[in-house]
Amino acid sequence: MGESYVSSEVRGTFGYVDPEYQSNHRVNSSADVYSFGIVLLQIVSGKKVTILNLKKPMPLSKMARVHSRSGRFAEFSDPKLDGEYSTEAFDLTIQLALSCTSLKKERPSMEQVVERLKEALEISTRGKASAPQIRQNSLSRHKIEIPDKIS
């Protein structure tokens, strides 16, 4: 009675928790950046956090790195996108996600992440403005809504 207990044990879904947490058991904003990077990779690829249908299961971040080294980002993109995206913005987003899932000392801050995402959005929006009919038709077909501005 009169005493309380606080647990600082990290809970998370396999694949989203920073692998470095397993060795140092320290939680900080860098671990959040890692998790966000994994979510970002899932968004652009349409894949699960661990690819199990390979001979050897592979983490999504490792698969993205393999495609990055070979320069074959198009093979990593979500097939539902049907190639209807700015390759420049896509490449920037993949590179950002990879930097989020890199070694802790090399990860960007969330402020830097937001700035890079704004840059990718601006690039994508410029592409949309230069080809409005094609882009609008593909967006209607896929029922995707893009906000005019992110605050």
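Here is a short tour of a predicted model, one selection at a time.

**Stop 1: helix H4.** Start by selecting residues 87-100, which make up helix H4. At 1.5 Å a residue, its 14 residues should span 20 Å, and the end C-alpha atoms are indeed 20 Å apart, so the expected and computed lengths agree. Now colour the buried residues of H4: Ala-89, Phe-90, Leu-92, Thr-93, Ile-94, Leu-96, Ala-97, Leu-98 and Cys-100.

**Stop 2: the largest nonpolar core.** Which residues of this core touch the most other members? Pick out Leu-41, Phe-76 and Ile-94, which hold that place among its 17 residues. Next, show helix H2 (29-45) and helix H3 (60-70) alongside H4; these are the elements that give two or more residues to the core. H4 gives the most, with six residues.

**Stop 3: around Ile-94.** Stay on H4 and centre the view on Ile-94, one of its buried residues. Leaving aside residues up to four places away in sequence, Ile-94 touches Leu-41, Val-44, Phe-73 and Phe-76.

**Stop 4: the face of Phe-76.** From Ile-94, step across to its contact Phe-76 and add Lys-47 to the selection. Lys-47 lies over the face of the Phe-76 ring, at 5.9 Å from the ring centre.

**Stop 5: an aromatic pair.** How many aromatic pairs does a search of the whole structure find? There is one. Select Tyr-85 and Phe-90 to see it: the pair is tilted, with 4.8 Å centre to centre and 35° between the planes. Phe-90 has a relative accessible area of 6%, so this residue counts as buried, the cut-off being under 20%.

Note on methods: Residues numbered from 1 in each chain as written. Predicted model: local features only at pLDDT ≥ 70, side-chain atom pairs only at ≥ 80, totals over all residues. Heavy atoms only, no water. Phe/Tyr/Trp six-rings, centres within 6.5 Å; stacked < 30°, edge-to-face > 60°. Buried < 20%, exposed > 50% of the residue type's maximum accessible area, 1.4 Å probe, protein only. Lys NZ or Arg CZ within 6 Å of the ring centre and 35° of its normal. Helix = DSSP H or I, 4+ residues; strand = E, 2+ residues; numbered from the N terminus. Expected span 1.5 Å × (residues − 1). Core = buried A, V, L, I, M, F, W, Y, C linked by side-chain atoms within 4.5 Å. Contact = heavy atoms within 4.5 Å.
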